[in-house]
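Trainee: Could you take one strand of this chain and look at it closely for me, in the setting of the whole fold? I would like the reasoning set out in a connected way.

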Amino acid sequence: MVSKNNDITSFKSGGDKAILQEKGRGGRPAKPVAEKRNYKVVLSLTPAEGKTLREKAGLVKDATYLYAALKEAGVFD
Amino acid sequence: MKIAVYCAKGSAGKTPIATNIVLDRGYALGTNEPFHVFEGFIPEERLLALKAEDEFPDLPGDIDIVFDLAGSMSQHAYSITSAVKQADLVITPVWNEVKALHAAIGTIEEVSGYTDQILVVATKLEKERGEKLEGGDWKHSAAYRNIKAKIDALGQDIPVLPLKFSRVFDLIFEREKSIRQLMAGDPLFAYNFKEVARQFDDIYQHIDKVGNHGQ
């Protein structure tokens, strides 16, 4: 029963992960190193705290909400 | 309809279940497996393969996709959390073995933080020596009953559907066809796999029930 296209090409970001990856595929240029957000923080919460966070984050991802809150609080200044 | 097939323990049957749905229904497939089998098997426009630490994009409601998720959920497995968060249904396969059951319960506890639409599929069911199934119903098998008892003990009213052990789950990759597609092409397959096909139809029935309630 194939009733839809389900073409997700437009949702792919950097190309598929396969054992052999095609080089030189073009696309959006890489971010400068100073702008790459690759320092990851693990934050453990209680179930109640997690629930509160998810409610406050709403449609936005938890990490996105927290990052915005930290910026607003001037943590990175 | 977005379905996440996820269990923290490997070899539970996630990929065969996900693949059969994709082949039967033309869904897209998302995977975070580093060495997946889907290249050239699933059309490129319907395949989204990421690393475990990457996030699946939030897909619109008119996209049907199955996420075949390897690994365990943690703060770093963004692929798993991003898929589970947008899934209409999480299917957790589990087989009747101590470590597998333990991992499945842990998985359900993790996933329950994101959704209550969970379906457990009791996989690789086999009869014990001398066991006879009442009415031929695999829900009477000792293996199924043990899995169901463990899941029921969580007190979350999670449905459990049986899926017997079958060589067809290797064949769907060898022949790149779903169970029903294999059966349509070969009368011997049609005879040998009718029970497991019927069990998979029950899974589809549950998927459709969840999908209809979500509309």
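Mentor: Before we turn to the strand, a word on terms: two residues are in contact when they have heavy atoms within 4.5 Å of each other. The model is a predicted one, and everything that follows should be read with that in mind.

On that basis, among the contacts of chain B between residues at least 6 apart in sequence, 67% join residues that are at least 24 apart. The secondary structure of the chain consists of 8 helices and 7 strands, and the C-alpha atoms occupy a box of roughly 50 × 40 × 35 Å along the principal axes. For 215 residues, a compact globule would be expected to have a radius of gyration near 17 Å, and because chain B has 17 Å, the two agree. Of these 215 residues, 53% count as buried, while the accessible surface comes to about 9,600 Å², with 48% of that area belonging to carbon and sulfur atoms.

The part I would choose is strand β4 of chain B, which covers residues 65-69. Since 5 of its 5 residues are buried, the strand is largely enclosed by the rest of the structure; the cut-off behind that word is a relative accessible area under 20%. The burial applies to both faces of β4(B), with Ile65(B), Phe67(B) and Leu69(B) on one side and Val66(B) and Asp68(B) on the other.

As for its pairing, strand β1 of chain B, residues 2-6, runs parallel to β4(B) and is joined to it by 5 bridges; in this pair, Ala4(B) has Phe67(B) as its bridge partner. Strand β2 of chain B, residues 28-31, also runs parallel to β4(B), and 4 bridges join the two, with Thr31(B) standing opposite Asp68(B). Phe67(B) and Asp68(B), named in these two pairings, belong to the two opposite sides of β4(B) described above.

One residue outside the strand is worth adding to the picture, namely Thr107(B), which is found in helix α3 of chain B, residues 98-111. Thr107(B) has a relative accessible area of 0% and is therefore buried. Leaving aside neighbours within four places in sequence, Thr107(B) is in contact with Tyr6(B), Cys7(B), Ala8(B) and Thr92(B), and of these Tyr6(B) lies within the residue range 2-6 of β1, the strand that pairs with β4(B).

Finally, for the charges, chain B carries 24 positive and 32 negative side chains, and the centres of the two sets lie 8 Å apart.

Technical notes. Residues numbered from 1 in each chain as written. Chains lettered and ligands numbered in written order. Predicted model: local features only at pLDDT ≥ 70, side-chain atom pairs only at ≥ 80, totals over all residues. Heavy atoms only, no water. Buried < 20%, exposed > 50% of the residue type's maximum accessible area, 1.4 Å probe, protein only. Rg over C-alpha atoms; globule rule 2.2 N^0.38 Å. Areas by Shrake-Rupley, 256 points an atom, 1.4 Å probe, with all protein chains shown as cover. Lys, Arg positive; Asp, Glu negative; His and termini not counted. Charge placed at Lys NZ, Arg CZ, Asp CG, Glu CD. Pairing = 2+ DSSP bridges.
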